[in-house]
Each structure stands twice: as structure tokens, then as C-alpha cells.
Amino acid sequence: MSTNRAISPWRRFAIRLMAVCVLGLLAGAGWIVVKPSVKRVLTSYGERVSNASQLLASVEKNMDAEVRARHGAKNSQARCYYASVAAGSVSAARRDSELPVAIGDRMYCGPVLFIDGDPSRPFLTFNLVSTPDQANGTSQLSINNADGDPDGADPRPGSQLVRPDNKQPPTSDRLSPPRPPPAIGDVLTTTSTLRSPLTAATPDARMIGLASGVRLVEYGFVDSYGWGDRTRTAPSGYRLLAFATDPVPGEFGNQNPDLSVRIDGVERGPLTATSDYLVTAVPVRASSVDLVLTDSGVKQSISLLTGQPAGTNPMVTSRQHLNQRLSVSRPVRVRLKTSAGSGLLDGMLTVRTLSLTYWAADGSRCSSADRALLHIAATVKLDGDRQPYGAEAGLISVTLPESGRLTARNAASDPGKQIDDVIEVPASITSGTLSYAGTLKTSKGTITVLTPITVPFNIPAG
């Protein structure tokens with residue numbers, strides 16, 4: 001007896017119904033059963049691109065590395081795209097079609113944003129190189145710049161950004177500006193760019209040495225320094241202090257100043273001679289931060305917290321008024337006695353200027369910070385002299401209300417050939433009387449002033 005049995009119509013209907021239900025369940029679970037996924041076909045110069053997906057994946061790794069290295073920010077859906085050559089966008093009806101899309105010579109990756117970047121330019125741009133593969137009738141793409149250009153304009157809406165998998169850019173390009181990284185350690189550097197305004201220093205915020213000087217221009221704490229990828233914020237536990245200086249001449253020279261920064265007594269330097277800002281990291285709890293000038297064995301300082309010069313700086317270097325032009329000429333008669341005999345000579349004493357310094361030309365300085373050297377530019381021309389000569393220091397003196405009579409000395413750098421008559425006086429001096437009088441014995445003889453001369457002077461205070 002045969003064992004084959006015919007399937008009843010009801011049974012065949014049940015099998016078909018189950019198949020339909022299974023297909024429906026698979027479709028509902030996201031499985032594409034009836035129609036496979038269609039990838040976008042991309043062409044370059046008329047040839048189908050054979051490595052479009054692989055190159056996108058490779059450059060996306062470059063994008064991620066660049067964002068990390070430059071401390072940038074990127075959208076969670078950031079990826080890379082090609083731009084269609086045709087103007088306008090690829091319509092939704094064509095997005096899933098197999099019609100090829102011609103692409104240009106650039107790849108765009110984003111949205112990304114770097115420090116000081118332009119939010120309206122949300123894509124890194126990579127230049128593409130197309131190499132034909134004639135054997136297969138296709139082309140291979142490669143990039144010729146490992147780092148993307150962040151300044152390229154957004155290609156949209158002039159071009160549609162396309163990928164073989166049809167993924168689209170996120171609907172929003174908005175990114176929060178990335179925070180610059182902290183500087184490393186107790187930084188001491190220069191920068192041309194600051195984001196915070198500084199405090200302008202007062203005119204007396206300057207230090208004058210023998211051979212050099214410096215003026216504090218502005219100073220203050222800042223949040224960061226630098227621009228773009230080089231922007232840095234304060235290291236943990238520190239604040240950033242920025243300041244600017246200008247070199248000024250010293251009393252007897254115009255060398256570059258020897259500058260340093262002193263924080264709670266610890267000095268760092270020398271500082272670089274620059275027209276840019278100087279930036280240093282200062283511990284949050286630092287109680288003193290000073291700009292220090294070292295010149296001829298003397299250290300002067302200005303507080304970078306207040307802009308005020310230290311009280312131990314030479315007082316006279318902070319004065320605005322340091323000289324008085326006299327241009328006074330007075331007739332004089334002297335008795336000159338030598339081994340050959342003696343005689344009377346007439347002549348002229350000329351006092352040109354009086355000036356105040358802390359140092360002398362021979363490198364000597366005042367005995368304390370509250371003293372100054374008064375320089376007397378005076379010459380004498382006696383009968384028979386071809387030209388005037390510097391008045392002898394032993395015959396020059398000044399009388400001050402608070403100090404009495406003080407005698408000059410020759411502080412020239414070469415006293416055998418030059419005369420620089422100086423008298424140490426209070427740094428706050430404003431008035432007194434200059435005298436040319438007395439008797440002086442020298443190796444050549446004795447000179448006695450027979451017509452003493454007095455000249456009052458007044459140097460403005462401050």
C-alpha cells in the first residue's frame with residue numbers, strides 16, 4: 001500500500017500563512033528580507049570610485065586623532081563625507097537609488113570645533129587625489145594632507161554631502177567651544193596674544209640702573225594666553241600673571257636690562273628681551289610677585305601685584321625732575337702760585353646744568369637708597385687758556401638748608417683726563433646754593449679764588 005498522501009488545501013493554506021507571518025516578524029525586527037541594502041555609487045572624473053567607504057573610515061581615524069591632539073570638540077555623530085559636484089542637494093527620491101553621484105576633490109569631516117575656531121565652518125577639509133585603474137575601469141581616491149584644514153568654508157547648501165552608506169550629517173552643527181588645556185608646570189614664557197585686558201602701570205613704575213633700565217607698561221592676572229592650538233590655561237594650583245615691559249636707558253648706558261621674576265623670594269630668569277607679553281604661573285597662595293632689575297650689583301623691583309616700585313629702590317631714579325639748566329656765566333679772579341712764581345688771572349666761570357643720578361661715571365654709587373649724586377657741569381676759562389676746562393672739584397661746593405656745606409669730588413671715568421664734579425646729597429633735594437670759592441693745592445701749584453661766586457639753584461620736586 002502506498003504511503004504518499006496528498007496535502008489537503010487547508011494544510012497548504014496554514015503553511016503559507018505561517019510563512020507570511022515569519023516574514024512579517026523578520027521585517028518588523030529590522031531584517032530586510034525582500035530587498036537588499038542599496039549603496040550609493042560614487043564617481044570621480046567619470047570613473048566609479050572603488051575605495052570610497054574604506055577611505056572614509058581611514059580619514060575618520062585621522063579626524064579623531066586630530067581632534068584629540070588639538071584639544072578640539074566633535075559632534076557625537078561626526079563622520080566624513082564627499083561633496084557632490086552638482087549644485088543643490090541630492091533629492092530624497094534619489095537617495096536610495098543606484099544612480100551614480102559625481103564627487104569633487106575634497107572630503108569633509110565633522111562637525112568639529114577647535115579652540116578659537118569658527119563655528120560657521122564645522123568641517124575639516126581634506127584634499128583628494130584620484131588615480132584611475134584602467135584595468136577595472138574604476139578610480140582609487142587618496143588624500144594628500146594628513147591634517148585637515150579647519151578654515152575651509154562649509155560646502156552646504158551648494159553641494160550635498162554624500163557617503164556610500166547614505167548617512168547624513170547631524171541636523172545641528174552647534175558645538176560648545178572647547179576649553180584650552182592647562183600649561184605644564186610653573187610656566188614662564190612669552191605670548192603675543194591675551195584674552196583679558198591688563199592694568200596700565202603708572203609713570204613711576206620704572207627702574208633705572210647704571211647701564212640699563214626698564215618700564216612696566218601693564219600687568220595683571222589672565223585666564224589664558226596664546227591663540228588657537230597654542231592657547232593654554234593655568235596649571236592646577238596656579239594663576240597666570242602677564243605683564244609687558246619697555247627697555248629704557250640707564251643713567252650711563254643703554255644696554256638690555258637683566259630682568260627676572262621673583263615669587264615669594266625665589267627668583268627666575270633672566271627674562272627674554274621681547275616686545276610681546278611675558279607670562280608666568282604664580283601659585284594661588286603667593287604673597288609677593290616682583291619684576292626684578294639687576295644692574296651693577298644692585299637689585300631693584302616693582303610689584304607685579306600692585307604695580308608699585310619697592311621702597312628699597314634708589315629714590316632718585318623714580319623722580320620726574322632730575323636737572324636744572326642754569327647757563328650762568330660770572331667773571332672770576334684767581335691767584336695762581338707755582339714754583340716759578342705767582343700771579344693774578346682773570347677769567348670766566350660758566351655753570352651750564354645741574355643734574356641728579358644714583359650712579360657716577362666711575363661706577364660708584366650713593367651710600368644709601370635715599371641719597372643722590374648732584375652733578376655740576378661747570379667750566380673755567382682764564383686768561384691765556386685756549387679753551388675752558390672743568391672746574392676743580394675742590395673749589396666747588398653746595399650749601400643745603402638741611403645739610404650745610406658739602407664739597408664736590410671728581411667722579412669721572414678717567415679722572416686724569418676728565419672732570420665730573422659730583423656731590424652726594426639727599427635724593428629729595430630741591431634747592432640750594434652752588435659756590436666756587438676757596439683755595440686748592442695741586443701737584444702743579446696752589447689756586448685761590450679771589451672773587452667767590454655763588455649761584456642759587458632750584459630743581460622742581462617730584
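**Group meeting talk: a walk through a strand-rich model**

Okay, let's start at one spot: Pro270 sits in the loop between β16 and β17 (277-283). What kind of peptide bond runs from Gly269 to Pro270? That bond is cis, with omega near 0°. Before I go on, please keep in mind that this is a predicted model.

There's another bond like that, by the way. Arg156 and Pro157 are also joined by a cis peptide bond, and omega there is about 0°. Pro157 is in a loop too, the one between β6 (138-143) and β7 (161-162). Why point these out? Most residues other than glycine have a negative phi, and most peptide bonds are trans.

That brings me to phi. Asn166 isn't a glycine, yet its phi is positive, about 65°. You'll find Asn166 in the loop between β7 and β8 (188-191). Is Asn166 buried or exposed? Its relative accessibility is 17%, and the cut-off for buried is under 20%, so Asn166 counts as buried. Ser327 is another non-glycine with a positive phi, about 50° this time. Ser327 belongs to a strand, β20, which covers residues 323-338.

Now let's zoom out. How many helices and strands does the protein chain have? There are three helices and 31 strands. The chain has 462 residues, and 41% of them count as buried. Take the contacts between residues at least 6 apart in sequence: 67% of those join residues at least 24 apart. As for the outside, the chain exposes about 25,200 Å², and carbon and sulfur atoms supply 52% of that.

Let me give you a couple of pairs that are separated along the chain. Tyr82 is part of strand β3 (residues 73-84). Its relative accessible area is 0%, so Tyr82 is buried. Go 27 residues along the chain from Tyr82 and you get to Cys109; the C-alpha atoms of the two are separated by 8.8 Å.

The other pair starts from Pro257, in the loop between β14 (238-248) and β15. Pro257 and Ala273 are 16 residues apart in sequence, and their C-alpha atoms are 8.1 Å apart in space. Pro257 is a loop residue, but with a relative accessible area of 18% it is buried. Which residues does Pro257 touch, leaving aside its neighbours within four places in sequence? Ser212, Gly213, Val214, Pro247 and Leu293.

Next up, salt bridges. A search of the whole structure turns up 16 of them. Here's one: Asp118 pairs with Arg121, and their closest N and O atoms are 3.5 Å apart. Both partners are partly exposed, with Asp118 at 37% relative accessibility and Arg121 at 30%.

Compare that with Arg262 and Asp290, whose side chains meet in a salt bridge at 3.4 Å, N to O. Arg262 lies in strand β15 (residues 258-263) and Asp290 in strand β18 (residues 289-295), so this pair ties together parts that are 28 residues apart in sequence. Both Arg262 and Asp290 are buried.

Then there's Glu267 with Lys299, where the closest N and O atoms are 3.1 Å apart. This salt bridge links distant parts of the chain as well: Glu267 is in strand β16 (residues 266-268), Lys299 is in strand β19 (residues 298-303), and the two are 32 residues apart. Glu267 has a relative accessible area of 35% and is partly exposed; Lys299, at 42%, counts as partly exposed too. And some salt bridges join up: Glu60, Arg163 and Asp165 are linked in a network.

Last stop, the pockets. Rolling a probe the size of a water molecule over the atoms shows where empty space is left. In this model, the largest pocket has a volume of about 470 Å³. Its lining is made of 15 residues, and those nearest the centre are Leu336, Tyr389, Glu392, Thr442 and Lys444. Which strand gives the most to that lining? That would be β30 (residues 445-449), with three residues. Sorted by class, the lining has six nonpolar, five polar and four charged residues.

That's my tour, thanks for listening!

Notes: Residues are numbered from 1 along each chain as its sequence is written. This is a predicted model: local features need pLDDT of at least 70, side-chain atom pairs count only at pLDDT 80 or more; totals for chains, interfaces and linings use all residues. Side-chain values use heavy atoms; hydrogens and water are left out. Helices (H or I, at least four residues) and strands (E, at least two) are DSSP runs, numbered from the N terminus. Buried means under 20% relative accessible area, exposed over 50%, partly exposed in between (1.4 Å probe, protein chains only). Contact means heavy atoms within 4.5 Å. Accessible areas come from the Shrake-Rupley method with a 1.4 Å probe; for residues, only the protein chains shown count as cover. On a 1 Å grid over the protein atoms alone, a cavity is a set of points where a 1.4 Å probe fits but cannot get out, and a pocket is an open set with protein on both sides within 12 Å along at least five of seven lines; lining residues have an atom within 4 Å of a point. Grid points are joined across faces, edges and corners, and a volume is the space filled by probe spheres set on the points. Ala, Val, Leu, Ile, Met, Phe, Trp, Tyr, Cys and Pro count as nonpolar, Asp, Glu, Lys and Arg as charged, and the others, Gly among them, as polar. A salt bridge is a side-chain nitrogen of Lys or Arg within 4 Å of a carboxyl oxygen of Asp or Glu.
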